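Visitor: Before we get into details, could you show me what we're dealing with? Then I'll fire off some questions.

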Amino acid sequence: MTKLKIAVFDLTDCEGCELEFLNFKEKFSNLLEKVEILNWRLISDDKKWQDIDISFVEGTPIKNDEINLLKNIRNHSKYVVALGTCAATGGIPALLDPKKREEIFKRIYPGKKYIASNPAKPISNYINIDFVINGCPVNVPDIERFVSDILNNKIPSQKNYPVCLACKSKQNQCLLLEGKKCMGPLTKAGCNAICPSFGLPCFGCLGEMDQANTKALKKRFQDLKYSDKDIENWISTTWKNIKDTEEEND
Amino acid sequence: MTEKYNDYVNRVEGHGVLNINFNKKTAKFEVSEGERLFEGLVLGRNFDEIPFIVSRICGICPTAHYISAIKAMENILNIEPTESTILLRKLMLSAQIIQSHNLHLFFLALPDYLNLKDNENLTEKYPEEFHIALNIKRMADKILEIVGGRSIHPINPVIGGFAKKISENDLANLRFNLENTLSDAEYAVDLFSQLDYPKFSSPTTYLAMTSNDYEIYHGNIKSSDDKIFSPTNYKKKLKEKILEESSAKITYFTGKSIMTGAPARLFINSDKLNLRSRAKLENSRIDYKSNNPFQNNFYQSIEIMHFFEESIKIIDKLLKKKIATNPEPFKIKSGIGASAIEAPRGTLYHSYEIDGNGKVIDADILTPTGQNLSNLESDVQKLLKDIKNLKEVDQKNQVEKLIRAYDPCLTCSVH
């Protein structure tokens, strides 16, 4: 049997998703007998580029050379998968308002002339991607399911339902009903509602799901007497505005 | 068509490029992460969101950033967490050090010494070693899952305490598993004490937290030339240099290059190691005062064992009393607060200023790797001089081996 040839690439990010991928690799060694790793800088000296079936890419390409690397990845891979929220939506690094970058760069690096980085954007901003495995970090069962789907010639399913669904299935108490600033209704599932399961409101870190009703949640927060500034801050964590800023930049 | 991109050094956390000019006999290791501007993206955000955000600086040591931010906020708001809360945080930090050291030792560094290309070969050719690495990793992951909520990017610790109570039963189970895997940690020490480390000596100034114990949470910062300062004073003592060619700021202490992390903690606190780890260190053929940065690998294995013993001690203390971790009540007020803890690679500093509404108006983070880079900068040059008679490819490999021995977290250094 020919093995499935995969590669793992890290752009700028925390490398947490890559570590989860490593956890997956250890837990499912039987699955990995059918897989060959061609290129994975973090744990290997091999850097093969020929006939990659699937490239898993984590992080955001904030440097120009990373954008070039990303284009190479696309050119050499049958499928490209955004591994984790940074690659999928821009993630936490995209919380920074692109308009304030220059000013903040000067504040953090006083006296430095040249900034090497661009605003954090999803990898789909630069190349076409085929699949997303969401999570901050991604979790092992989702990776396992994706890889086993591919090995069995199934089209991997993509999650497009809110965190709330996971909360309901775990029978968590609704934090929004308790008046807390929970982002669950807007946020794409993939974390097994882990924060609400600890009694902590959803931060929205997995990004906004398609067709989310942002207006309704904003109104709920307004009814709870939260300030407009706070509401704007919280909504920003689902990177709803990222597309808008792209249009402005284009 | 192939686009141009940088060739980053393999098996290192984050992106760095090694440039060697064999004619001029110069070596330069440049950090080439893009500026991530975390100290800017927290501005204007609510104080209680910060631990969550800054943990995303690093997926290798998220717990260290998370707890540092919590501690700094507690300093601003005058919150005194309970003894149980502090012990549980120490347990998490211990597990974080074990987890990070283990990843570095077995996955990134060990292939250098067994002449393997990668960890894939380790699995096949050295199944026993790989098995040990997995056992240690699973132990650390388990502690972080039980106490922190998950093994990467914690959830459960909050400002003033823990969101959810940790059960005595879970802790007793952890203790049982720790006892059972302590022999694996011991095996790791034996393995890393026997590796053939290149001969190299580079005296430097070491910096580590110090108090009555092998401290990772409270305490002042002590240097190997006997200077002591309070963590709240760190900005005055540690100076960051900004370079055009590097996105990491390089940190110096009293104008000198420094080293922090396992070598520094051992240099300054070795007499406070737990009994069995200390015996291992003293009976080893490796001299931990010999200023050889390659030996960091051995020191990290000693620390893995120490923090296994330490975790057992911490759980014993926790189980003696009723565990109280409900978040302490507090009022929001404006102020400035700084904190330090020992992260896997050394002392990590966070400081924040918040306004009367709890919004962050200033932030500063100083990482262990930023400090160690000052030393690595001169060491790559020094090493190249020592090995100038080797073949060019061997020179390059040896310098890369040194870089990996430092266990730099370039991701952290450019936060």
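Helix pairs, chain contacts and oddities

Visitor: Are H4(B) and H11(B) roughly parallel or roughly antiparallel to each other?
Guide: The axes of H4 (residues 83-113) and H11 (residues 296-320) of chain B come within 9 Å and cross at roughly 155°. Axes are lines fitted to C-alpha atoms over the stretch in contact, with angles from 0 to 180 degrees between N-to-C directions; under 35 counts as roughly parallel, over 145 as roughly antiparallel, 65 to 115 as roughly perpendicular and the rest as oblique. H4(B) and H11(B) are therefore roughly antiparallel.

Visitor: What kind of model is this?
Guide: Residues count from 1 along each chain as written, chains are lettered from A and ligands numbered from 1 in written order, and side-chain values use heavy atoms, without hydrogens or water. Local features need pLDDT of at least 70 and side-chain atom pairs 80 or more, totals for chains, interfaces and linings use all residues, and the model is predicted.

Visitor: At what angle do H4(B) and H6(B) pack?
Guide: H6 of chain B covers residues 127-148, with helices (H or I, at least four residues) and strands (E, at least two) being DSSP runs numbered from the N terminus. H4(B) and H6(B) are roughly antiparallel too, and their axes sit 9 Å apart at an angle of about 155°.

Visitor: How many salt bridges does the rule find across the interface of chain A and chain B?
Guide: The rule wants a side-chain nitrogen of Lys or Arg within 4 Å of a carboxyl oxygen of Asp or Glu. One of the pairs joins B:Lys137 to A:Glu26, with the closest N and O atoms 4.0 Å apart. Over all chains the count is 42, and across the A-B interface the number of salt bridges is six.

Visitor: How far apart along the chain are A:Asp10 and A:Arg41?
Guide: Their side chains meet in a salt bridge at 2.9 Å, N to O. A:Asp10 sits in strand S1 (residues 4-10) of chain A, and A:Arg41 in the loop between S2 (35-40) and S3 (52-58). The pair links distant parts of the chain, and the separation is 31 residues.

Visitor: Which residue follows the cis peptide bond at A:Cys136?
Guide: Most peptide bonds are trans. Here omega is about 0°, in the loop between strand S5 (131-133) and helix H6 (140-151) of chain A. The partner of A:Cys136 in that cis bond is A:Pro137.
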